[in-house]
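Welcome! Take a moment to look at the structure below, and then we can explore it together through a few questions.

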Amino acid sequence: MTDPRTAGPAPGAPAGPGAPLASRPASPPPGWVPRHPATRAGWGPGLRGSREDVRAGVITVLALTVTGLGAGALWAWLAPRADYRVTETQVVPVVGVPSAEVLFADDGVYVLVLAGLGVVAGVLVWLMRRRRGVPALVGLAGGMVGAGVVAWQVGELLGAGPTEGELAEVGRTITTGVDLAATAALAIGPFAAVLTYLVATALTPDDDLGRPDDAPPAEQRPPHLPLPPVPPSVPRRR
């Protein structure tokens, strides 16, 4: 049999006069509600909502690249062109002597068309308030690069110059083609779009770019539950 003097306290009974009192958790304050598990906030300022932002950036690239079709058609329509007549010895202008500026006007019209498209694209992407940030800026720049390349190819295709067979046909009237001589003009679209976006960012008084946050405001967040009191230490018996 077990000696009752040496046996430990019964389950659920107090441990003894020297034992600490069982600590009770502090009661929550009025109006407290359990906090939901924390969700991924993103990649830091300007990179929140990572997956949705990347998806929006990819859509921006594709959408702006498609707009290059219309920009190329507009370039081919606005670019000045000159008419010539093929003779037995040479090609002569139909009306007067075309200005030398016609040779460089194609690049100028292309720059104006792409700069206008870049400004419009920068404003539209900035108005996507929920997706503002670095992914939107990268998608804007990449989309304008794609739009510039598509506009270049479409414009030259729609405004193609005369073929060798047409140049060999005496008496035929031909029209000069649309050509982009300075490929550096491809940078004007991304530059105008990014500059417009950055100007809008600089004019925004909010540090978070005016982007709505998924977290509730500070005044609506539930108070933190206080920690329970720590029981005093009990000296060991020798």
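**A first tour**

Valine 119 sits in helix H2, helices (H or I, at least four residues) and strands (E, at least two) being DSSP runs numbered from the N terminus. This is a predicted model, where local features need pLDDT of at least 70, side-chain atom pairs count only at pLDDT 80 or more, and totals for chains, interfaces and linings use all residues. Residues are numbered from 1 along each chain as its sequence is written, and side-chain values use heavy atoms, with hydrogens and water left out.

Q: In which order do the elements of the protein run from the N terminus on?
A: The protein has 5 helices and 3 strands to place. Read from the N terminus on, their order is α-β-β-α-α-α-β-α.

Q: Is valine 119 buried, partly exposed or exposed?
A: Buried means under 20% relative accessible area, exposed over 50%, and partly exposed in between (1.4 Å probe, protein chains only). The relative accessible area of valine 119 is 39%, so this residue is partly exposed.

Q: Which element gives the largest share of the largest nonpolar core?
A: Such a core is a set of buried Ala, Val, Leu, Ile, Met, Phe, Trp, Tyr and Cys residues joined through side-chain atoms within 4.5 Å. The largest one has 25 residues. Helices H1, H2, H3 and H5 each give two or more residues to this core. The largest share, 8 residues, comes from H2.

Q: How far apart are the end C-alpha atoms of H5?
A: The expected span of a helix is 1.5 Å times one less than its number of residues. With 15 residues, H5 should therefore span 21 Å. The model agrees, as the end C-alpha atoms are apart by 21 Å.
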